[in-house]
Amino acid sequence: MDIDLDGGEDFDSGGSKLTCPGEPLTSAQDYMRGHGTYVENEEVIASVAGTIERVNKLVTVRAVRTRYNAEVGDLVVGRITEVQPRRWKVDANSRQDAVLMLSSVNLPGGVQRRKLESDELQMRTFFEEGDLLVAEVQAFFGDGSMSLHTRSLSYGKLRNGQLVVVPPILVRRLKSHFITLPCGVDLILGLNGYIWVSKHVKQSDREGEEGFDAEAVYSNQNDIIDDFTRIAISRVTNIIRVLATRFIPLSDIILLKAYEWVLEQEGDVKDLLQEDIGDALVASITSVG
């Protein structure tokens, strides 16, 4: 049955209507099809599950779950998928792999200089397949793929932690996406839905006492992590999974409140994944907020 977009109370009042793939929306003669729709038998039909949006005579369907749409300046966490001449391909949870150029990374010596052939031969000593990194979206290529850079000392290879994947729409834009919790755990909230939970490392230790330390930044060796920190990392990871399962937006304030509530319960780490405890956690956060 067609959805009446003309004068519909819910639609005009700003309310959102859900639709599913294959459901007719309206007549193709009266409206133009937008993203998430197609035309068949003179009808505009939804091609994805999501909410119907209308701008004048343009009808679109915004998917509930979709790939990450990047913007310049976004902080993303990615995984190296391929090493190519003078560039790395990075899985950033987008429609296509991002690109990290050799000219967009810090090299040993810590100075900005032209990249030499010797640097190209050592590319796998910087990043190789499977390595995780945090970077910033610098620009876009003509085909729409992202160009990343890790020139800041805050960016680079990730170690001593665990990756959690959530829908990108749940990660809010914050002043800083680098969060340190009181339990000695660092969080990097990638806007692409990749979240890195790791042992707290001081910035001075990461960079080295004399500035840029290539061995520290590009090392593949994890540090020794004590049992208390391992439990804290697992606890934070489970909190993120519980909140993401219940579609709760993630921010530094929400994660801190959730962690404090979990500590008050004095339960085991794995108990967080139980249905009743997860519901109680979400209820406590929403009631406080």
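## Antiparallel sheet

Strands β2 and β5 (residues 43–46) are paired in the antiparallel sense, over 3 bridges. Within the β5 partner, Glu43 lies opposite Ser27. The coordinates discussed here belong to a predicted model.

This pair is part of an open sheet of 3 strands, ordered β2-β5-β4, in which the pairing is antiparallel. The edges are occupied by β2 (24–27) and β4 (37–40); each has a single partner strand, so one side of each is left without a neighbour in the sheet. On average, and with direction ignored, neighbouring strands of this sheet are turned by 30 degrees against each other.

## Mixed sheet

An open sheet of 4 strands follows the order β1-β6-β7-β3, and its pairing is mixed. Here β1 (17–19) and β3 (32–33) stand at the edges; because each has a single partner strand, one side of each lacks a neighbour in the sheet.

The partner of β3 is strand β7 (residues 58–63), and the two pair in the parallel sense over 2 bridges. In this pairing Met32 stands opposite Leu58, a residue of β7. In general terms, the strands of a sheet pair through backbone hydrogen bonds, in either a parallel or an antiparallel arrangement.

## Packing of helices α6 and α7

A packed pair of helices is described by the angle between the axes and the distance separating them. For helix α6 (residues 227–245) and helix α7 (residues 252–265), the angle is about 115 degrees and the axes are 10 Å apart. The crossing of α6 past α7 is right-handed.

On the α6 side, the contact is made by Ala232, Arg235, Val236, Ile239, Ile240 and Leu243. The α7 side contributes Ile254, Leu255, Ala258, Tyr259, Val262 and Leu263. By class, the residues of this contact comprise 11 nonpolar, no polar and 1 charged.

## Nonpolar cores

The largest nonpolar core holds 56 residues, of which Trp88, Ile240 and Leu243 touch the most other members. Helix α6 supplies the largest share of this core, with 8 residues. Ile240 and Leu243 also belong to the α6 side of the helix contact described above.

With neighbours within four places in sequence left aside, Ile240 is in contact with Val164, Val166, Leu187, Ile195, Val197, Leu250 and Leu255. One of these, Leu255, is among the α7 residues that make the contact with α6. A second core, separate from the largest, has 9 residues, including Leu75, Val77, Val134 and Trp196.

Note on methods
Residues numbered from 1 in each chain as written. Predicted model: local features only at pLDDT ≥ 70, side-chain atom pairs only at ≥ 80, totals over all residues. Heavy atoms only, no water. Axes fitted to C-alpha atoms, helices over the stretch in contact; angles between N-to-C directions. Left-handed = near helix turned anticlockwise from the far one by under 90°. Contact = heavy atoms within 4.5 Å. Nonpolar A, V, L, I, M, F, W, Y, C, P; charged D, E, K, R; others polar. Pairing = 2+ DSSP bridges. Core = buried A, V, L, I, M, F, W, Y, C linked by side-chain atoms within 4.5 Å. Buried < 20%, exposed > 50% of the residue type's maximum accessible area, 1.4 Å probe, protein only.
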